[in-house]
Amino acid sequence: MQTRFVTLPIAGSIRHGEQQERNGTTKPVELGHFVAKIKDTAMVNIHRKFNTVYNQSKILNIQFFDEEPLTIKLVRYNQGGTACYCLNGETKGKEKVQKKWVEKDCKEECQYRQGIRPQCNQEATLKFLIPEVSQDRIWYVKTKSFYSIQNISSYINLQKQLGNSLIGHYKLFLKPKESIIDGKTFNNFVLDIVKDDVLIPENTPQIEEKPSQIIPAQVKDNTQNTTSVESSEEVKKKQTKTAKQKSEPKPKIEHIDEPKKEQTTSSESKQDTTISDKKFQDDFERYYILLSTGTVLIDKKGKPTEYLEGTFVNKDEKEVKALLHPNFANEFKTCELGSQFLLDIQEVSGRNYVVNYECIQKYEKEAV
């Protein structure tokens, strides 16, 4: 059998935001619906069809054509485009030096991955078909959103763990998301995905239910496993038989005292439930997911001291920054994005400190 290598025929990209110029600066603006972008003018008819089928739609009917539709990598951009990149989990990447790609080490200690706002960030690319627009052209969507990447990668990994093939039809949709950054509230959308038979497509006409009419009584036919309608005569016979049974005297049944079962008092049961509910609520209040870690300098007794600072998401999906005590800072250094903890956080002099923790789910960083 001969192996053939082909270049994917790209139709264009899918986005739900765009760069707009305001007050002399260019900023990304959330549109709240999907838009298609093409680079090749030969795709203008496909672009026009997309705008007709998915006019300001928040849901796309897509199709995965292979078992690896999602690619995640660490990437850094500069004015000339992509400066360097590294596939997720790899220790070797590529860097553009004098317009040539050369191999480089990809390590956690890289200067571009440090700081509160690192220049190197995680980026995901999802490729798929949109059958209602074109059967033989590939579309893709790129995102740096932590929540979008988490939603899609978690779903795909779950399907793989269950042994399901990813080839098939799905719905890619936008989900409202509220974020608070530096005290400001931002309302935008994140990507999510489900199987094609889960969601109802947008603009689907709803069938109006009419008042049901009175119909004769129905009885289930066990031999044919179908429901048939009784005739009026059969209904009368059944009613007569029921009345006859009611008029007949019922046989006396002697009452036998059953042994009393030992029951837990309601107060004890209620107390146990209350304790369990309270513990669950307390743990939920302490629940955090790790986003990233970085080092900061803190003035301690007149000397600058380096502390590890973690960025977490709490149960309300709000970002919280907290300094980690040196006694357990090394534990967090080995944790990858998405690790889950129960944290006790105290505020001292305007800064949050993690004074105690319990690890629920730990994702180890790749060894470098």
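This is a short dialogue on reading salt bridges, cores and a barrel in a predicted model.

Reader: Happy to start with the charged pairs. How many salt bridges does the structure hold?

Author: There are nine salt bridges in this predicted model. A good way to read one is to ask which elements its two residues belong to, and then how accessible each residue is. Take Glu18 and Lys37, whose side chains meet in a salt bridge at 3.8 Å, N to O. Glu18 sits in strand 1 (residues 10-22) and Lys37 in strand 2 (residues 25-37), so this pair ties together parts that are 19 residues apart in sequence.

Reader: Is Glu18 buried, partly exposed or exposed? And what about Lys37?

Author: Glu18 is partly exposed, at a relative accessible area of 26%. Lys37 is also partly exposed, with 31%.

Reader: Where does the salt-bridge partner of Lys171 lie?

Author: The partner is Asp196, with the closest N and O atoms 3.4 Å apart. Lys171 belongs to strand 10 (residues 168-181), while Asp196 is in the loop between strand 11 (184-195) and strand 12 (218-221), so the pair ties together parts 25 residues apart in sequence. Here the accessibilities are worth reading one by one. Lys171 has a relative accessible area of 2%, so this lysine counts as buried, the limit being under 20%. Asp196, at 34% relative accessibility, is partly exposed.

Reader: Which residue does Lys175 pair with in a salt bridge?

Author: Lys175 pairs with Asp192, and their closest N and O atoms are 2.9 Å apart. This links distant parts of the chain, with Lys175 in strand 10 and Asp192 in strand 11, 17 residues apart. Lys175 is partly exposed at 32%, whereas Asp192 is buried at 12% relative accessibility.

Reader: Let's turn to the nonpolar interior. Which residues have the most contacts inside the largest nonpolar core?

Author: They are Ile14, Phe50, Leu126, Phe128, Trp139 and Leu172, in a core of 31 residues. A second, separate core has 14 residues, including Phe312, Ala322, Leu324 and Ala329. To read a core, pick one member and list what it touches. Leucine 172 is a nice choice: leaving aside residues up to four places away in sequence, Leu172 touches, among others, Phe34, Ile59, Leu60, Leu126, Phe128, Val141 and Ile193. Its contacts also include Lys58 and Asp192, the latter being the salt-bridge partner of Lys175.

Reader: Now the barrel. In what order do its strands close?

Author: First the general idea: strands of a sheet pair through backbone hydrogen bonds, either parallel or antiparallel. In this model, five strands close into a barrel in the order 14-15-16-18-17, with mixed pairing. Neighbouring strands of this sheet are turned against each other by 35° on average, direction ignored. For one pairing, look at strand 14 (residues 287-300) and strand 17 (residues 340-348), which run antiparallel over three bridges. Ile289 has Gln340 of strand 17 as a bridge partner.

Reader: Which strands does helix 5 lie across?

Author: Helix 5 (residues 326-333) lies across strand 14, strand 15 (303-314), strand 16 (319-324), strand 17 and strand 18 (351-361). Against strand 18, the helix runs at about 50°.

Reader: One last stop: where is Ser339, and what does Ser339 touch?

Author: Ser339 lies in the loop between helix 5 and strand 17. At 0% relative accessibility, this serine counts as buried. Not counting residues up to four places away in sequence, Ser339 touches Tyr288, Ile289, Leu290, Gln361, Lys362 and Tyr363. Ile289 is familiar from the bridge to Gln340.

How values were computed. Residues numbered from 1 in each chain as written. Predicted model: local features only at pLDDT ≥ 70, side-chain atom pairs only at ≥ 80, totals over all residues. Heavy atoms only, no water. Salt bridge = Lys/Arg side-chain N within 4 Å of Asp/Glu carboxyl O. Helix = DSSP H or I, 4+ residues; strand = E, 2+ residues; numbered from the N terminus. Buried < 20%, exposed > 50% of the residue type's maximum accessible area, 1.4 Å probe, protein only. Core = buried A, V, L, I, M, F, W, Y, C linked by side-chain atoms within 4.5 Å. Contact = heavy atoms within 4.5 Å. Pairing = 2+ DSSP bridges. Axes fitted to C-alpha atoms, helices over the stretch in contact; angles between N-to-C directions.
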